[in-house]
Amino acid sequence: MSLKSCLCLIGLTLALALSLPAQTVRVLLVAGTADITPTGETVARPIVKGEAVTAGSTITTGADGRVVLTPMPGVKSIITPNSTITLESVSETPGAHATTAYQATLDLKVGAVVSDLNKPADATYDYSIRTPRGLAGARGTTFTVGVNPAGIATVVVAHGTISLTFTDGRTASLTPGKVSITKPDGTTVEAERISDLSPEDQAIANNWTEITLEAINAAVDAGVELSPETLKNVTDTADSLGLELSEQSQTLLETLQEKLDGINEEPAQNENDSRDIVGQSGGSTDTPAPLTDIERFRAGLTTDQLAVFDQLNETNQKLLVTIDDSAVTTAALGGDSITGVSFTNLDLETNLTAITKLSTSGLAFLKAANGDNLTEGYGPGPADWSASAFDRSAASWTALSAADQNLLLSLGATAAVMDRSATFLTAFINGVRDLPANQRTAIAETGWGFILFEEYFRDNYYTNQAISTATQLTSAQRALIKFFDLDPYEVLYSESSLGQQLDLLQSLSSSQREQLRKLDLGEHLLYIDSTSITRTLNRIAALNTTQRQAVIELGLGKYFAYANGETIQLESGGTVTVAQRLQTIINAYLGMSATKREALRDARIFESYHSYLSSSRLDTANLAYIVDIFLELPARTRAVLVSSHDFSLLDLLDFGSAGTIITASESSYRSLESFANIVAGLSDAELETLRDMEREAILLNAFVYESDANALASIKSVISFYNGLSILQKFTLRELGILQSYDLAWLTVNKQGLTRLLTSYSQLPGTLRAGTTFVEYTSSATTIDSPSVFVSNSYYSFYDVSFVTSGNQLHVGAIKNLVIQGNNYSEDIPTFTTAANGSLFLRASDLIDLYNVNFHTNIRSITMEAATINLANVAFNNHSTIALNSRLGGNPNFGSSVSGRVNFMGGVTYAGHLLDSQSQFDTYGKNIKIGTLANPATPGAYKTVPNFVMPQ
């Protein structure tokens, strides 16, 4: 490839990179060994070409490593081998008269950075390199800053002016062709000729100038676009400084000069050449116009893709061209993988817009988790999560071994990576590897890997039941489950007839199975007999092509499975058959304009629990009214609705007694109007945070239907709290099943208590977090044998339940209230049991409430943490040390419950001594420490308590 061709190619790549939202620091080049430690992380990973670098990230290059960054438009920062540099800060500020102010500071620890600035006319720059000796600021220049292992900083200027600000406050200015060397003691020397320096400084100057030549030459060879002026400035500087170059460096200088000469020798077409061309072309002076981005993109599409692309609106066409990724293009233009139906413009725009916000690593993870096909598998959806969640998850994914990644892919469990730490995932994967091979095969063949993380399978009983059921099926039966995407919960529910039903589906022809799959019948296939299947297929076959397409697009297939001539009583009076009602819906849909048909699909009303066929709201007039309402909503509200998995527009509309839709003024509920107002009151960043919590829809829904008069303020408070959490705390919020729970009690818990709970659990080993038993319900007189137990809903209480572990640590927690009541107040039946010298940890956000509770003598230390702790009839052993941490701390409160305190309600004993007053606590409770959530106490070393006789 010629230098000119290389520069043109990289120029196009750079132009695309710089068209991304501001201000994005991108990696233009990676060669050799080079790692990045992203912001907020402690583990380095290989840096990838094209990825975004955030402020606070550190880049390290090996002996053969080079990295080129573009911290702002027109700027290339070439990081040389054996360098360590941190992106200290970066910003972009719009100014007056269509100008933009860019700022970036690179903190060079050791090594060198060669910078080339080519500032656009409509921008102002503040670009600096920090070293241990000071700050080098540049405006429109080419220069090198180096720091050797001895801490000596050197600046070599090839063009422009460099302002130096030293750590002691001194300032200096360097002009082209000068070199500055600053020692660790602060002394500085400058020179225009190498010969003017001491022999020691000459060696330093020679070294950094040679490194500059090597960096420029390597960058040009790799295709980084540098102007001829830059090459000339570098060669002129090397010449003017009078360098004593090594043979290798002399060759480099000559090579750069040849490249410069080659560029300058490419002649422009002269007038005579133009005349020749005119004569050959019949007198025309027109030259073919270059292809536009959309024309170039269209040229790369297949015939089928082109047909879909040309039907998209202009916004989606531009989004696809901007993203320009083959996997994204295939997914977007290929339609739904099951039904084959093309996506609506709004649905597609929502997902494509989300993809444009992803970093390079985030997009790479999205594609990897979905097997390079974004409409297949069980990977995360682009619009289901925020860009920051994809970045966090990409880091966890990258930290896994290739074998671990492949295992998650084979199990259909890659969605499990979203917002979970690498330590948690590794522990989970190790647990999966311990399963028998036939169980792993069964999970993979059914595609049920995701059940290990679904909210209704967080109880090990259901997980084990699902795996056991899948293992007992044949490979062909498991393939049917995966083909029809049958939910494991429904499969378990129908287990008595499962084999017979799967055999029935297997007996169908492949075309019949494909037709049923397109109808997306789902779990209905587990309950309808062969006669109903035949009738369903016949009814569909009796429709014309347009009508069949309408059924698939609206998701009406499940209703056709039951349209056996039954007559249904309408809410508004009268009767109609199921078939007649379906025909009414189809005719109403086909009678709409293309825009309104898309709107009805986006509203997803046939996914709603309100959409039973007997409802008068599904007549022609109301369907048209629903579409009009949807189209009148603000664009952001429609986007939220279309990306929601928890409810649809129909769930937010109010209905009269006869099933007809009533207006907002007639309604006593805060529904659609409130929903739209809440969305309007949230910024794009706040909506992104709600996606991060995977609660965008259900959170809004909860506050819409609740009586909270300050719903918007409440949501913003939750968002603010969530944004204040660390990455580990966010991981833990999901790993404890809190975000998966449909009980939203965590939104109203004591925030300080929740922060402490998340912090404590985030510090536990990944094996313990991954092995946590999640409890939604358990009967009394039950023993829970697990080292970690967690309750993610607010209403559950334990009655006469024993917690046991064979290990020496036992953790029991709850998102809001941990309420444990034992019926047996006896040391013979302890509430908590561990191995010898064990430790017990009880945690909750709001309240720990223990009644009739005791502890096995093996337990030597006990820690409790909650905003408020209530203890009644609790017997502490005489050899245990205890730490009780509440919001307010202080001495215990006796006889009643005070919010924020540790309350001894009555019957609390230590070594048999009753602790019912301050004096009793001071005498016998010396092994009990009380701290706060902000400054928690820890169990101390055991101290023998004298067996004093109670005074009479």
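What volume does the second largest cavity have? About 80 Å³, and we will call there shortly. Keep in mind on this tour that the model is predicted.

**Stop 1: the enclosed spaces**

Rolling a probe the size of a water molecule over the atoms shows where empty space is left. Here, the structure holds 4 cavities of 30 Å³ or more.

Start with the largest cavity, which encloses about 120 Å³ of space. Select Thr-131, Ala-153, Val-155, Leu-164 and Phe-166: of the 15 residues in the lining, these lie nearest the cavity's centre. Next, colour the strands β10 (123–131), β11 (134–147), β12 (153–166) and β14 (179–182), the elements that each give two or more residues to this lining. Which of them gives the most? That is β12, with 6 residues. By class, the lining of the largest cavity has 8 nonpolar residues, 6 polar ones and 1 charged one.

Now move to the second largest cavity. Select Thr-142, Phe-143, Thr-144, Val-156, Val-157 and Ala-158, then add Thr-209, Thr-212, Leu-213, Val-234, Thr-237 and Ala-238, and you have its lining on screen. Two or more of these residues come from each of β11, β12, α2 (199–221) and α3 (228–240). The lining of this cavity counts 7 nonpolar and 5 polar residues, with no charged residues.

**Stop 2: an open pocket**

Select Ala-52, Thr-54, Ser-359, Ser-361 and Asp-391 to find the second largest pocket; among its 43 lining residues, these are the closest to the centre. The pocket has a volume of about 990 Å³. Helix α12 (387–399) is one of the elements that give two or more residues to the lining, and α12 gives the most, with 8 residues. The others to colour are β1 (25–31), β3 (45–46), β4 (52–53), α11 (360–369) and α32 (727–735). By class, the pocket lining has 22 nonpolar, 13 polar and 8 charged residues.

**Stop 3: the nonpolar cores**

In soluble globular proteins, nonpolar side chains tend to be buried together. To see the largest nonpolar core, which has 95 residues, begin with those that make the most contacts inside it: Leu-516, Leu-556, Ile-605, Phe-606, Leu-623, Leu-649 and Trp-746. Zoom in on Leu-516. Beyond the residues up to four places away in sequence, Leu-516 touches Phe-484, Leu-508, Leu-521, Leu-525, Ile-533 and Leu-537. A second, separate core has 40 residues, including Phe-309, Ala-332, Ala-387 and Leu-407.

**Stop 4: helix α22**

Select residues 545–554, which form helix α22, and pick out the buried ones: Gln-547, Ala-550, Val-551, Ile-552 and Leu-554. What covers them? Show α20 (510–519), α21 (530–542), α23 (557–560), α24 (578–590) and α25 (594–603), which are included in that cover.

Look at both ends of the helix too. At the start, a side-chain oxygen of Asn-544 comes to within 3.1 Å of the backbone nitrogen of Thr-546. After the helix comes Gly-555, with a positive phi near 75°.

**Stop 5: a loop residue**

Finish at Ala-63, in the loop between β5 (58–61) and β6 (66–70). Is Ala-63 buried or exposed? Ala-63 is exposed, because its relative accessible area is 65%, and exposed means over 50%. Now add Pro-81 and Asn-82, which Ala-63 contacts when neighbours within four places in sequence are left aside. Ala-63 and Asn-82 are 19 residues apart in sequence, yet 5.2 Å apart in space, C-alpha to C-alpha.

Methods:
Residues are numbered from 1 along each chain as its sequence is written. This is a predicted model: local features need pLDDT of at least 70, side-chain atom pairs count only at pLDDT 80 or more; totals for chains, interfaces and linings use all residues. Side-chain values use heavy atoms; hydrogens and water are left out. Buried means under 20% relative accessible area, exposed over 50%, partly exposed in between (1.4 Å probe, protein chains only). Helices (H or I, at least four residues) and strands (E, at least two) are DSSP runs, numbered from the N terminus. Contact means heavy atoms within 4.5 Å. A polar contact is a pair of N or O atoms within 3.5 Å; within protein, one must be able to donate a hydrogen and the other to accept it, and residues adjacent in sequence count only if both atoms are side-chain atoms. On a 1 Å grid over the protein atoms alone, a cavity is a set of points where a 1.4 Å probe fits but cannot get out, and a pocket is an open set with protein on both sides within 12 Å along at least five of seven lines; lining residues have an atom within 4 Å of a point. Grid points are joined across faces, edges and corners, and a volume is the space filled by probe spheres set on the points. Ala, Val, Leu, Ile, Met, Phe, Trp, Tyr, Cys and Pro count as nonpolar, Asp, Glu, Lys and Arg as charged, and the others, Gly among them, as polar. A nonpolar core is a set of buried Ala, Val, Leu, Ile, Met, Phe, Trp, Tyr and Cys residues joined through side-chain atoms within 4.5 Å.
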